[in-house]
Amino acid sequence: MKLILLGPPGAGKGTQSVELSKSYGIPHISTGDILRESVKAGLPLGLKAKSYMDKGELVPDEVVIGIVAERLKNPDTKKGFILDGFPRTVKQAVGLDEALAKMLSGIDLVIYFQTSTKVAIERLTGRRVCKNCGFNYHAKNMPPRKEGVCDKCGGPLYQRPDDNEATVLNRLKVYEEQTKPLVDYYMKKGTLKKVSGDLQVGELFKVLSQIFAEAKLA
Ligand code: ADP
Ligand code: ZN
């Protein structure tokens, strides 16, 4: 099953990706995670990307297209994959089509997480992430048992530098301008399915499982 999860920041794409990846045994490919790893490792790619990410701007298309094209060559993508946070521009979508044409395979479904701005802002500004394992919490809606400490691994929780309100608002604006046109792009290809990103995590997971069963993808 080859999936793209499309939707604004704060739609819950990352959270659903982790669950789907476990349930269906296919890798979760998040360009945001790959870029943050490169920042953490002090790689040249990370140095280049950080200034864009901290402002809530998009990293240049050539850079992310290159990352994904390389990642898709890994044999673990044979059975399928979940793309989370990519493509984010029409140019990236065209780059992806080209990379997939070389692999003689196409995307099965694009899931569009339609999400209200209010919910997205609330989720992003309250998000806390485990520095160690990457698990996501929410200061109010999904707090850890012990404040500042990850339930799963005991690691310290932190707030992403781009999760402050000003940067969140810019990320949403960038989404509207540069990413939202992809809804139309994939609608025309006939691969788009719309779901509500405002649903609770468990409810949305059920909706998605139903969609895959109906499409005979799982
Ligand atoms: P979110 O979806 O919550 O905004 P991500 O972790 O997907 O968070 O992305 C964080 C940042 O990484 C983005 O604001 C952007 O700077 C950069 N980034 C991630 N994916 C892409 C992409 N496909 N194209 C350009 N920049 C990207
Ligand atoms: Zn953890």
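The chain of this predicted model is assigned two domains: domain 1 (2-115 + 166-214) and domain 2 (127-162). Taken over C-alpha atoms, the centres of domain 1 and domain 2 are 22 Å apart. Seven residues from domain 1 and five residues from domain 2 make the contact.

Start with domain 2. Strand β5 covers residues 127-130. An open sheet of three strands runs in the order β6-β5-β7, and its pairing is antiparallel. Strands β6 (136-138) and β7 (157-158) form the edges, each pairing on one side only. Between β5 and β7, which run antiparallel, there are two bridges. Cysteine 130 has leucine 157 in β7 as its bridge partner.

Now turn to the ligand. Where does ligand 1 lie with respect to domain 1 and domain 2? Both domains give residues to the shell around ligand 1, so the ligand lies between them. The surroundings of ligand 1 comprise 19 residues. Thr31, Arg36, Glu57, Gln92 and Arg171 come nearest. Sorted by class, the shell holds eight charged, seven nonpolar and four polar residues. Which helix gives the most to this shell? Helix α2 (residues 31-40) does, with four residues.

Several side chains make polar contacts with the ligand. In arginine 36, an N or O atom of the side chain is 2.8 Å from an oxygen atom of ligand 1. Glutamine 92 places a polar side-chain atom 2.9 Å from a nitrogen atom of ligand 1. Arginine 160 also takes part: an N or O atom in its side chain is 3.2 Å from an oxygen atom of ligand 1. How much of ligand 1 does the protein bury? Taken alone, ligand 1 exposes 550 Å², and the protein buries 96% of that.

Two backbone details remain. The peptide bond that joins phenylalanine 86 and proline 87 is cis, with omega about -5°. Proline 87 sits in the loop between β3 (81-84) and α5 (90-102). The other detail is at lysine 216, in the segment after α9 (201-214). Its phi is near 55°, a positive value in a residue other than glycine.

To retrace the path: domain 1 and domain 2 both supply the shell around ligand 1. Helix α2 gives the most to that shell. Arginine 36, one of the residues that come nearest, has a side-chain N or O atom 2.8 Å from a ligand oxygen.

Definitions and conventions. Residues numbered from 1 in each chain as written. Chains lettered and ligands numbered in written order. Predicted model: local features only at pLDDT ≥ 70, side-chain atom pairs only at ≥ 80, totals over all residues. Heavy atoms only, no water. Near = heavy atom within 4 Å. Polar contact = N/O pair within 3.5 Å; in protein donor to acceptor, adjacent residues only side chain to side chain. Areas by Shrake-Rupley, 256 points an atom, 1.4 Å probe, with all protein chains shown as cover. Nonpolar A, V, L, I, M, F, W, Y, C, P; charged D, E, K, R; others polar. Domains from an automatic or database assignment. Pairing = 2+ DSSP bridges. Contact = heavy atoms within 4.5 Å.
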